[in-house]
Structure formats: C-alpha cells, structure tokens
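Work through the exercises below with the structure open. Each task comes with a stepwise solution.

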Amino acid sequence: MEYRRITALADPLFRQVHQLLSEVFPPEEVLEYSLWKEPLEDPGIRVFAAVHEGTVVGTTEYRYYADWNVAMTDFTIIGREGLGIGRFLAHNRLKDLHKLAGDNNRELLGMFAEIYDPYRVAYDFGGIKPMDPFVRREVLSHLGYRRIDIPYVHPSWQGDGEAVSGLDLCFMPVSEELERIAAPLVADFLTRYYAVLSDKPEAWTSMISQLRSMDSVALLPL
C-alpha cells in the first residue's frame, strides 16, 4: 500500500478521494469538489490517500500548526475492510507529524479531532463497517483521544451559518500525563480553523467566548 500526498485538484486520485468523502460523510461535512483547489494547494494542509493496487482505499487530511505545536485531523476514511487501512493511515500520519514537529525543533504536543457521538447522531457512514461510529469512537479512544469538556458545535461546511452538533471536540495528547488543555489554545485553534467560513452560528460564537473566559479545560475519557 502507498501513502500518497495529493496537492492538486487535477490529481486523478482526488476524484476517488472526494467520492469516498461524499459516500461516507453527511453533506454538511463535505466541501464542494471545486472548492478543494485552494486547500489542496495550501502547503499547511496535508491530504493523503492510501492507494492499493492503483485504487484509493482510504484517505486522511490533517494539518500541523507550528506556532502552537499541535495538529488537527480533519478526517480519516477507511474505504475497505481487511487491509489494515486504519493502522496504515494512523501510523503514517503520526510519523509525518513527528517529522514536522522535529523540523520545528519541538516534540508534538498532541492532535485535535472532531469525533461523532453515536449516542446522539444516527448515521451509517456509507454502510462501511470500519466507519461505524461506535467502532471508530472506540478505536480513537484506544489511540489516546480524549473528549474536551465543552458542549461542542461547529459551523456547517456548506457555509449556511448553521450549527452542526452531534460531535465532540477531542484531543490526543502525546504525553499521557496531560489531563487538561489550555482553553485559550482551544479557542485560538478553532477560530483559525474555521476562519474560512465567514458565516458563524451564534452557538459557536458563544462557545468560543466561554472558552476565552476559562484558563483550562479537562480532557475526559471518550
């Protein structure tokens, strides 16, 4: 299996990546195809495909913020069972992030991720068994992700200003001893991450204000 980075809309692999996105995630979570041009060309956004015998069987997108020394996993998709795709993507992603942090002369602090709560959201994620939200949540818990203790919403990627709920904002600290995360860091990260969406819901704005009034936030089990 190959770990291939995609940096242009014209890359033939990206059509397969976007098809996987559309099959697995609800519409409000998927950026329209043509709008991917700038993200793919952005050196700070890293989109990789797991390619098996010429076919995209999995994909992940993430980014590293050198000023905060943290990363964000935008998505991880396992498109086929029985190939070890989840482990392959997680291993190569973390290897790449440790290199980026090392180039920054630091050790990675950790990685954010938005994780569906299957007890609040009923969605079958394309019927792909490894993408079952109960399975994914347990796997991500085993990888070390913890839930940030805030009621979480985010702006819809459809750009309509609607609040999307049913997810938890989580953080995977590299150090298992880390029990809390700085609230201003979370607020700053979310503000930059969603800066591309101009229309923000009131619920999101209130959440950011609440974070800015706090010193730190607990990291709880998933």
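## Exercise 1: a helix pair

The crossing of helices H5 and H6 is left-handed. This is a predicted model.

**Task.** Find the angle at which H5 and H6 pack, classify their relative direction, and list what makes the contact.

**Solution.**
- Step 1. Locate the helices: H5 covers residues 183–193 and H6 covers residues 202–212.
- Step 2. Take the geometry. The axes lie 8 Å apart, and the packing angle is about 150°.
- Step 3. Classify. Angles over 145 degrees count as roughly antiparallel, so H5 is roughly antiparallel to H6.
- Step 4. List the contact. H5 supplies Ala183, Pro184, Val186, Ala187, Asp188, Leu190 and Thr191. H6 supplies Trp204, Met207, Ile208, Leu211 and Arg212.
- Step 5. Sort these residues by type: 9 are nonpolar, 1 is polar and 2 are charged.

## Exercise 2: helix H3 and its end

**Task.** Compare the expected span of H3 with the distance between its end C-alpha atoms. Then state which residues of H3 are buried and what covers them.

**Solution.**
- Step 1. H3 runs over residues 85–103, which is 19 residues.
- Step 2. The rise is 1.5 Å a residue, so the helix should span 27 Å.
- Step 3. The end C-alpha atoms are 27 Å apart, in agreement with that value.
- Step 4. The buried residues are Ile85, Phe88, Leu89, Ala90, Asn92, Arg93, Asp96, Leu97 and Ala101.
- Step 5. Think about spacing. With 3.6 residues a turn in an α-helix, residues three or four places apart point the same way.
- Step 6. Find the cover. It includes strands E1 (2–6), E2 (45–52), E3 (55–65), E4 (70–78) and E5 (110–116).

## Exercise 3: positive phi

**Task.** Where do Glu53 and Asn105 lie, and are they buried or exposed?

**Solution.**
- Step 1. Recall the background. Most residues other than glycine have a negative phi.
- Step 2. Take Glu53. Its phi is near 55°, a positive value. Glu53 sits in the loop between E2 and E3.
- Step 3. Check accessibility. Glu53 has 73% relative accessibility, so it counts as exposed.
- Step 4. Take Asn105. Its phi is near 60°, also positive in a residue other than glycine. Asn105 comes just after H3, in the loop between H3 and E5.
- Step 5. Asn105 has 74% relative accessibility and therefore counts as exposed.

## Exercise 4: sequence against space

**Task.** For Gly166, Arg180 and Val47, give the location, the burial class and one C-alpha distance each.

**Solution.**
- Step 1. Gly166 lies in the loop between strand E8 (163–164) and strand E9 (167–173). At a relative accessible area of 3%, Gly166 is buried. Pro118 is 48 residues away in sequence, and the C-alpha distance is 7.9 Å.
- Step 2. Arg180 belongs to strand E10 (residues 180–182). Its relative accessibility is 43%, so Arg180 counts as partly exposed. Arg180 and Val217 are 37 residues apart along the chain, with C-alpha atoms 5.4 Å apart.
- Step 3. Beyond four places in sequence, Arg180 touches Ser216, Val217, Ala218 and Leu219.
- Step 4. Val47 is part of E2. At 1% relative accessibility, Val47 counts as buried. Val47 and Asp199 are 152 residues apart along the chain, and 25 Å separates their C-alpha atoms.
- Step 5. Leaving aside neighbours within four places, the contacts of Val47 are Arg4, Arg5, Ile6, Trp36, Leu40, Thr59, Thr60 and Glu61.

Key: Residues are numbered from 1 along each chain as its sequence is written. This is a predicted model: local features need pLDDT of at least 70, side-chain atom pairs count only at pLDDT 80 or more; totals for chains, interfaces and linings use all residues. Side-chain values use heavy atoms; hydrogens and water are left out. Helices (H or I, at least four residues) and strands (E, at least two) are DSSP runs, numbered from the N terminus. The expected span of a helix is 1.5 Å times one less than its number of residues. Buried means under 20% relative accessible area, exposed over 50%, partly exposed in between (1.4 Å probe, protein chains only). Contact means heavy atoms within 4.5 Å. Axes are lines fitted to C-alpha atoms, for helices over the stretch in contact, and angles run from 0 to 180 degrees between N-to-C directions. Angles under 35 degrees count as roughly parallel, over 145 as roughly antiparallel, 65 to 115 as roughly perpendicular and the rest as oblique. A crossing is left-handed if the near helix is turned anticlockwise from the far one by less than a right angle, and right-handed if clockwise. Ala, Val, Leu, Ile, Met, Phe, Trp, Tyr, Cys and Pro count as nonpolar, Asp, Glu, Lys and Arg as charged, and the others, Gly among them, as polar.
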